[in-house]
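Colleague: Please take me through one part of this model at close range. Then set it against the rest of the chain.

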Amino acid sequence: MAELVLDGVTKHFDDDGDRIVAVDDASIDIEDGEFLVLVGPSGCGKSTTLRMVAGLETVSGGELRLDGTDISDRAPADRDVAMVFQSYALYPHMTVRENMAFGLEESTDMADDVIDERVSETAEMMGIEELLERKPRELSGGQQQRVALGRAIVRDPEVFLMDEPLSNLDAKLRSTMRTELQRLQENLGVTTVYVTHDQTEAMTMGDRIAILNDGRLQQVATPLEAYHAPANEFVAGFLGEPSMNFFDASVEDGSLITDQFTYPLSEDTLDDLGGADDVRLGVRPEDIELVEKPVGDHDYAVTVDVVEPLGDENNVYLEFDLDTEGEGAGRTFTAAVDGTHPVAAGDELGARIPESAIHIFDVDSGVALHNRERDPDEQVIPQ
Ligand code: ATP
């Protein structure tokens with residue numbers, strides 16, 4: 001059993017008298033066996049959060065609890081956590097076997113033959129038994145990362161902490177290792193906190209994801225919840241590639257008025273806005289449909305500016321057809337359509353923005369006032 005709780009955890013750094021708030025009052029309950037991904041842009045406080053859990057940074061405020069016990073002031077070696085870094089951090093002068101055995105030799109009183117057996121078992125599980133007598137310099141990047149993971153696993157810790165462990169690998173290997181790591185974590189059932197700036201990694205690997213920005217926790221949710229029901233504009237814009245399209249709008253006579261178009265709203269959607277006057281409309285590229293001609297209330301005349309073919313999908317950059325040269329003219333936005341959909345630069349089409357797919361955010365706070373409709377089946381996601 002290892003339930004890890006971050007309760008109002010805060011970290012300040014002092015930079016020549018200036019106070020840097022790296023992590024501001026973060027609270028997350030991580031369940032036993034859960035795979036939690038901490039994700040956010042560079043400098044948002046992900047590594048600092050992980051390092052506080054590992055005991056490599058002190059906490060400035062709040063508490064860290066492992067199974068109900070406050071571990072905030074415990075030395076790293078006494079926390080029963082194992083950390084895996086981006087840089088692998090293997091000892092270059094030791095063989096793989098020695099690297100894997102080192103932690104157990106240092107921190108336990110296990111007999112040598114027991115350690116040896118544990119190392120061999122783990123090496124077999126990781127598919128690195130042929131590499132045991134090699135030195136790190138004789139290994140590829142992928143093999144080194146496998147050894148680094150093996151070294152964490154062999155310690156049989158209560159919690160794995162992983163800081164961008166796959167980012168030094170090439171794209172193909174990264175994707176293979178992603179699946180492998182997930183399977184391994186599921187089989188071992190060890191509570192895991194995984195840091196990445198890569199939203200694809202977060203979406204595909206996490207049971208839940210915790211999105212950080214500027215030291216502040218924005219949302220903790222399953223990947224699909226965060227994607228389809230973002231708590232705010234930051235989360236909505238951070239998750240998804242290409243990003244959500246945003247349009248500034250005012251609410252007038254039951255419609256959203258933007259510089260480019262007027263978007264009539266249903267009563268239900270209007271109710272969600274609680275009388276807000278200024279909002280931001282958000283729509284994901286994959287929710288925009290391209291139709292031959294604008295015919296409906298939510299269809300707009302557009303010209304295709306650029307098509308980016310990705311094979312399975314085309315990213316289509318669209319420009320509103322505006323009569324004036326005024327504000328909003330030349331504004332492009334993105335639609336993602338099936339790769340087989342025939343579309344070319346210069347095409348004049350209709351862009352349909354279905355009301356069931358729109359998000360509306362408060363313009364000042366960024367808080368989501370209205371999120372897209374969701375398929376009830378899709379909400380049955382294992383937690
Ligand atoms: P990245 O993805 O780039 O590694 P991150 O999300 O992991 O970023 P952190 O490394 O946790 O971000 O840094 C959070 C903030 O704290 C940043 O503004 C960083 O400059 C600052 N910071 C981190 N370590 C220190 C330190 N030892 N002294 C001063 N400031 C620090």
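**A hairpin pair and what surrounds it**

Modeller: Start with strand 16, residues 299-309, and strand 17, residues 313-320: seven bridges join them, and the pairing is antiparallel. Keep in mind that this is a predicted model. One bridge is easy to locate: Val-307 is matched by Val-316 in strand 17.

Now widen the view. The two strands belong to an open sheet of five, ordered 15-19-16-17-18 and paired antiparallel. Strand 15 (289-291) and strand 18 (332-338) form the edges, each pairing on one side only. Neighbouring strands of this sheet are turned by 50° against each other on average, direction ignored.

Leave the sheet by way of strand 18. The loop between strand 18 and strand 19 (348-352) holds Gly-339. Is Gly-339 buried, exposed or partly exposed? Gly-339 counts as partly exposed, because its relative accessibility of 26% falls between the cut-offs of 20% and 50%. Leaving aside residues up to four places away in sequence, Gly-339 touches Gly-311, Asp-312, Glu-313 and Asn-314. Glu-313 and Asn-314 tie this loop back to our starting point, as strand 17 covers residues 313-320.

Next, the domains. The assignment gives domain 1 as 4-233 and domain 2 as 244-370. Their centres, taken over C-alpha atoms, are 40 Å apart. Contact involves six residues of domain 1 and nine of domain 2. About 670 Å² is buried between the two, and carbon and sulfur atoms give 49% of that area. On the domain 1 side, Tyr-227, Pro-230 and Glu-233 supply 78% of the area buried against domain 2, more than any other three residues. How many salt bridges are counted between domain 1 and domain 2? The count is one. Glu-233 also forms a salt bridge with Arg-280, with 3.1 Å between the closest N and O atoms.

Cross into domain 1 for a contrast. From Gly-339 to Asp-80 the chain runs 259 residues, and their C-alpha atoms are separated by 49 Å. Just past Asp-80 comes strand 6, residues 81-84, covered on both faces. Val-81 and Met-83 are buried on one side, Ala-82 and Val-84 on the other. Here the pairing is parallel: strand 6 meets strand 7 (residues 159-163) over four bridges. Ala-82 has Phe-160 of strand 7 as its bridge partner.

Ala-82 also gives a route to the helices. Its C-alpha lies 8.7 Å from that of Arg-151, although 69 residues separate the two in sequence. Arg-151 sits in helix 4. Why does this arginine count as buried? Its relative accessible area is 16%, so Arg-151 falls under the 20% cut-off. Beyond residues up to four places away in sequence, Arg-151 touches Tyr-88, Ala-89, Leu-90, Tyr-91, Asn-99 and Met-100.

Two of those contacts, Asn-99 and Met-100, are buried residues of helix 2 (96-107). The others buried there are Val-96, Ala-101, Gly-103 and Leu-104. An α-helix has 3.6 residues a turn, so residues three or four places apart point the same way. Cover for the buried residues of helix 2 includes helix 3 (112-126) and helix 4 (141-153).

Note on methods
Residues numbered from 1 in each chain as written. Predicted model: local features only at pLDDT ≥ 70, side-chain atom pairs only at ≥ 80, totals over all residues. Heavy atoms only, no water. Pairing = 2+ DSSP bridges. Axes fitted to C-alpha atoms, helices over the stretch in contact; angles between N-to-C directions. Buried < 20%, exposed > 50% of the residue type's maximum accessible area, 1.4 Å probe, protein only. Domains from an automatic or database assignment. Contact = heavy atoms within 4.5 Å. Buried area = accessible area lost by both parts, 1.4 Å probe. Salt bridge = Lys/Arg side-chain N within 4 Å of Asp/Glu carboxyl O.
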